[in-house]
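Hi there,

Here is the structure I promised to pass on to you. Please open it next to this email, and then read on for what turned up in it.

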Amino acid sequence: MQGTVDGFSYGAVTPLVAYLMACLGGALGLRCTTRSLLVTHSRRPAWLALGSAAIGSGIWTMHFVAMMGFSIQGAPIHYDGPITYASLGLAIVMVGVGIFIVGYRGATGTPLFTGGTITGLGVASMHYLGMAGVRFHGRFTYNTITVAASVVIAVVAATAALWAAGRVRGFLWSVGASLVMGLAVSGMHYTGMAALGVHLDGVSHATGGAPEASVLAPMLIGPLAFLLLAGVVVIFDPLMVTGRPEWTPVEDKPGVPAAAVASHTGRRPALHGGHQPEHHGQRTPQNR
């Protein structure tokens, strides 16, 4: 029997809150990615790992906030715990692979395409694995074309966000990149939900509806707490806002953005130390 689905049981509240969660995770994660390009090679993995976890937690939180508004008429909804948390781990790992590629190889050409594709596929994989954890008296079916469209949306928008994180500097640019990342997650989610069909197993006399907050709230506590912690790290690191590199000698860092930063920072200590490099003899501190 065909089931009746409502994806907006609480009106515009859940889509807006879900989008904000996606933007928050994206903002923290992309700022950490940008920050990783301004530090020494040995400290870069820590920033990239923090960014991966922030984005993964943000998109996972966005998904289940949006799912609070999802209901099936005549079929109560429950969630399989292991599969649900596995979707969180999958999101963090796949987003991490994409971010590390861009962080170490630069936000151009093949590395950008590869990193953006893997990140977008991570968003899509998290969504569909999370949907596989939904339990009710029936089964889901999907429209193949619409599913493919949702994956394309995720890949394109994630690639654009990683490009912005790796190639531009400044707080406003980072905000724009996070909005694009939030669009990637939200657009992918609701496009994927539009591909959804529900078939119920017989006639159920139970009252269906959206899952209660008491069911989803415990799942969201951990990721929300992590996003708060990541936000504290960002707030108390001034370079996250200014986008300026540290004025210390840096190691040789692979990647287009990192190489540019390294060449810039490598000249500053010589100026403050009073030793003018011979190959820059024609330049003065005033014209720097």
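A residue counts as buried when its relative accessible area is under 20%. Please also keep in mind that this is a predicted model.

Let's start with helix 2. How many of the 24 residues of helix 2 are buried? The count is 21 of the 24, so helix 2 is largely enclosed by the rest of the structure. Its length can be checked too: at 1.5 Å a residue, helix 2 should span 34 Å, and its end C-alpha atoms are 35 Å apart, which agrees.

Helix 1, residues 13-36, can be looked at in the same two ways. Here 17 of the 24 residues are buried, so helix 1 is also largely enclosed by the rest of the structure. Its 24 residues should span 34 Å at 1.5 Å a residue, and the end C-alpha atoms lie 35 Å apart, in agreement with that.

Now for the partners of helix 2. Helix 2 (residues 44-67) packs with helix 4 (residues 109-132) at an angle of about 40°, and their axes are 10 Å apart. Angles from 35 to 65 degrees fall in the oblique class, and helix 2 and helix 4 are therefore oblique to each other. Their crossing is right-handed. Which residues meet there? From helix 2 come Ile59, Trp60, His63, Phe64 and Met67, and from helix 4 come Val123, Met126, His127, Gly130 and Met131. By class, the residues of this contact are seven nonpolar, three polar and no charged.

The other partner is helix 3, residues 81-105. Helix 2 and helix 3 pack at an angle of about 140°, with 8 Å between their axes. Angles count as roughly antiparallel over 145 degrees, so helix 2 and helix 3 are classed as oblique to each other. Helix 2 passes helix 3 in a right-handed crossing. The contact between helix 2 and helix 3 has 16 nonpolar residues, eight polar and one charged.

Last, a single residue to find on your screen: Gly115, which sits in helix 4. Is Gly115 buried or exposed? With a relative accessibility of 0%, Gly115 counts as buried. Leaving aside neighbours within four places in sequence, Gly115 is in contact with Gly98, Ile101, Val102 and Leu162. You can also look for Val95, which is 20 residues from Gly115 along the chain, while their C-alpha atoms are separated by 8.4 Å.

Happy exploring!

Notes. Residues are numbered from 1 along each chain as its sequence is written. This is a predicted model: local features need pLDDT of at least 70, side-chain atom pairs count only at pLDDT 80 or more; totals for chains, interfaces and linings use all residues. Side-chain values use heavy atoms; hydrogens and water are left out. Axes are lines fitted to C-alpha atoms, for helices over the stretch in contact, and angles run from 0 to 180 degrees between N-to-C directions. Helices (H or I, at least four residues) and strands (E, at least two) are DSSP runs, numbered from the N terminus. Angles under 35 degrees count as roughly parallel, over 145 as roughly antiparallel, 65 to 115 as roughly perpendicular and the rest as oblique. A crossing is left-handed if the near helix is turned anticlockwise from the far one by less than a right angle, and right-handed if clockwise. Contact means heavy atoms within 4.5 Å. Ala, Val, Leu, Ile, Met, Phe, Trp, Tyr, Cys and Pro count as nonpolar, Asp, Glu, Lys and Arg as charged, and the others, Gly among them, as polar. The expected span of a helix is 1.5 Å times one less than its number of residues. Buried means under 20% relative accessible area, exposed over 50%, partly exposed in between (1.4 Å probe, protein chains only).
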